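Please examine the sequence and the predicted model shown below. The paragraphs that follow lead through selected parts of the structure.

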Amino acid sequence: MKIKRSDFPKEFIFGTATSAYQIEGAAFEDGKEPSIWDIFSHEKGNVKNMENSDVACDHYYRFEEDVELMSQLGLDAYRFSISWPRVLNKNGKKNQKGIDFYNRLVDKLLEKNIIPFITLYHWDLPYYLYEKGGWVNDDIALYFRDYAAMMFELLGDRVKHWITLNEPWCSAFLGYYMGIHAPGHKDINEALKAAHNLLRAHGYAVGVFREIVKDGKVGITNVVMKVEPANEVEEDYQMAVLVDEFINGWFHDPVVFGKYPENAKGVFGKLGIRTYDNDLDIISVPIDFFGVNYYTRQLVTYDPDEPFMYKIVPGNLPKTEMGWEVYPSGLYDMLKKLYIRYRLPLYITENGMAGPDKLEGGLVKDTYRIDYLMKHFEMALKAINDGIDLRGYFIWSLMDNFEWAEGYSKRFGIIYVDYSTQKRYFKDSALWLKDFLNS
Ligand SMILES: OC[C@H]1NNC[C@@H](O)[C@@H]1O
């Protein structure tokens with residue numbers, strides 16, 4: 001059964017997503033100050049092939065061309081992030097050139113009838129704040145609140161859909177525990193404190209949003225994974241429950257219920273981590289939607305030798321270039337689980353795949369990405385037809401870009417970027433999407 005755009009509610013929006021550090025470039029230009037990723041990517045061993053985003057997709061200078069491409073595809077919406085160190089400097093002063101870039105980008109999108117969705121924080125913390133302790137310094141939540149208020153004042157007249165944080169789980173646990181993302185720390189106590197401060201930052205930002213953008217909608221975007229036991233044995237099921245709470249609840253439950261997930265909290269409580277319960281009133285101020293980033297499932301098995309008694313087991317389904325299993329039904333399962341548990345409107349703020357994309361004669365035959373997207377579109381439609389309040393779907397990503405520790409080796413775009421020339425090429429998936437959006 002081939003689904004069509006018209007099978008979706010007419011107000012359902014299709015878009016693409018990017019983030020500042022991954023596409024903008026101009027990393028040290030027009031008054032922009034360094035972020036933790038500008039520093040981390042220049043430190044040996046952190047990013048494959050020592051790549052960085054000094055130039056990236058040169059989007060800072062090419063944004064008009066890129067918006068034109070979005071318009072040609074017929075996108076309803078575009079999700080992007082603001083680079084905090086591009087708009088606010090270490091003396092707490094606005095950087096007008098950086099602000100002007102986002103003003104022009106928003107105006108260009110509106111001119112093309114593309115709805116802007118802004119993410120305030122997509123991992124590029126100003127480096128001077130990291131030097132003050134970064135996400136481990138409790139004051140960071142107030143710095144974020146003031147940055148958020150400034151952006152709401154500057155763009156809230158035209159931008160009505162805002163996301164406070166992208167994937168705080170990654171900021172906290174990849175950045176402060178596993179050390180594979182900036183700032184590259186490996187300390188579980190720091191990671192849990194960072195997680196808590198990210199949630200506090202979110203709560204403070206929502207508070208000021210209600211005062212400044214009265215007709216706007218605000219949410220938080222979390223990465224979710226369908227967590228399943230590797231083996232049908234009791235101990236693996238128990239670990240799956242724990243890991244599901246840790247990955248799919250640690251940044252959802254406090255925001256809606258004002259408390260951390262019980263079982264997972266039991267594990268971290270043993271580590272003697274304060275859960276700062278008195279902050280949960282701030283953290284759980286009401287939001288308008290959850291952003292859902294879905295890519296794959298995670299198989300877990302009990303392993304008493306591991307720090308948290310579990311380890312991840314590779315599955316046997318077909319995988320993308322990231323080694324992630326293609327598991328469309330997991331999207332449906334997670335949308336259903338989130339909607340039943342939290343009863344909030346949902347946007348898929350990221351879904352997509354990294355593929356072995358080859359540019360030949362100006363074409364990229366990424367039929368595997370068309371198949372991937374079609375299967376996940378079908379799951380989104382199934383969720384809507386089952387009564388889940390799903391309101392939009394953003395493909396990750398508009399264009400190939402800097403994939404963090406993987407550098408430019410992983411191509412997620414529906415638009416191919418030739419980094420040696422900065423030329424953009426519609427992949428077959430982009431041409432397919434253009435037809436789908438007009439179907
Ligand atoms: O790994 C693909 C994407 N996942 N979510 C966050 C984005 O910044 C990544 O590029």
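In helix α16, the buried residues are Asp428, Ser429, Ala430, Trp432, Leu433, Phe436 and Leu437. The helix spans residues 428-437 and is mostly covered, with 7 of its 10 residues buried in this predicted model. The cover over these buried residues includes two helices, α3 (59-73) and α15 (367-385), together with the strands β1 (13-17), β9 (390-396) and β11 (423-426).

The ligand is the next topic. Which residues are around the ligand? They are Gln22, His122, Trp123, Asn166, Glu167, Tyr295, Trp324, Glu350, Trp396, Glu403, Trp404 and Phe412. The space that the ligand takes is the largest pocket. Several of the surrounding side chains place polar atoms at short range, as the following distances show. A polar atom in the side chain of Gln22 lies 2.7 Å from an oxygen atom of the ligand. For Trp396, an N or O atom of the side chain is 3.2 Å from a ligand oxygen atom. In the case of Glu350, the partner is a nitrogen atom of the ligand, 2.6 Å from an N or O atom of the side chain. Taken alone, the ligand exposes 280 Å², and the protein buries 95% of that area.

Asn166, one of the residues around the ligand, belongs to strand β4 (residues 161-166). Is Asn166 buried or exposed? Asn166 is buried, because its relative accessible area is 0%, where the limit for a buried residue is under 20%. Its side chain makes a polar contact with the side chain of Arg79 at 2.6 Å. Beyond the neighbours within four places in sequence, Asn166 is in contact with Arg79, Thr119, Tyr121, His122, Trp123, Ser171, Thr221, Asn293 and Glu350. Among these partners, His122, Trp123 and Glu350 are also listed among the residues around the ligand.

Trp396, which likewise belongs to the ligand surroundings, is followed by a cis peptide bond: the bond from Trp396 to Ser397 has omega near 10°. Ser397 itself lies in the loop between β9 and β10 (415-418). Another cis peptide bond runs from Ala182 to Pro183, with omega near 5°. Pro183 is placed in the loop between α8 (168-176) and α9 (188-212).

The loop between α1 (20-23) and α2 (36-42) contains Glu24. Glu24 has a relative accessibility of 3% and therefore counts as buried. A polar contact of 2.8 Å joins the side chains of Glu24 and Arg86. Apart from neighbours within four places in sequence, the contacts of Glu24 are Val55, Ala56, Asp58, His59, Tyr60, Ser81, Ser83, Arg86, Phe101 and Tyr102. Ala26 is found in the loop between α1 and α2 as well. Its phi is near 45°, a positive value in a residue other than glycine. Ala26 is buried, since its relative accessible area is 2%.

A positive phi also occurs at Asn113, where the value is near 60° and the residue is again other than glycine. Asn113 is located in the loop between α5 (96-111) and β3 (115-121). Why does Asn113 count as exposed? Its relative accessibility is 66%, and the limit for an exposed residue is over 50%.

Two helix residues complete the path. Ala149 is in helix α7 (residues 140-155) and counts as buried because its relative accessibility is 17%. Although Ala149 and Phe209 are 60 residues apart in sequence, their C-alpha atoms are 6.9 Å apart in space. With neighbours within four places in sequence left aside, Ala149 is in contact with Val208 and Ile212.

Met239 lies in helix α10 (residues 234-248). A relative accessible area of 7% is the reason why Met239 is buried. The C-alpha atoms of Met239 and Pro229 are separated by 7.4 Å, with their positions 10 residues apart along the chain counted as their distance apart. Outside the neighbours within four places in sequence, Met239 is in contact with Val300, Thr301, Tyr302, Phe308, Met309 and Tyr310.

Note on methods
Residues numbered from 1 in each chain as written. Predicted model: local features only at pLDDT ≥ 70, side-chain atom pairs only at ≥ 80, totals over all residues. Heavy atoms only, no water. Helix = DSSP H or I, 4+ residues; strand = E, 2+ residues; numbered from the N terminus. Buried < 20%, exposed > 50% of the residue type's maximum accessible area, 1.4 Å probe, protein only. Polar contact = N/O pair within 3.5 Å; in protein donor to acceptor, adjacent residues only side chain to side chain. Contact = heavy atoms within 4.5 Å. Near = heavy atom within 4 Å. Areas by Shrake-Rupley, 256 points an atom, 1.4 Å probe, with all protein chains shown as cover. 1 Å grid on protein atoms, 1.4 Å probe; cavity = no way out; pocket = protein on both sides within 12 Å on 5 of 7 lines; lining within 4 Å. Sits in = over half its atoms within 2 Å of the grid points.
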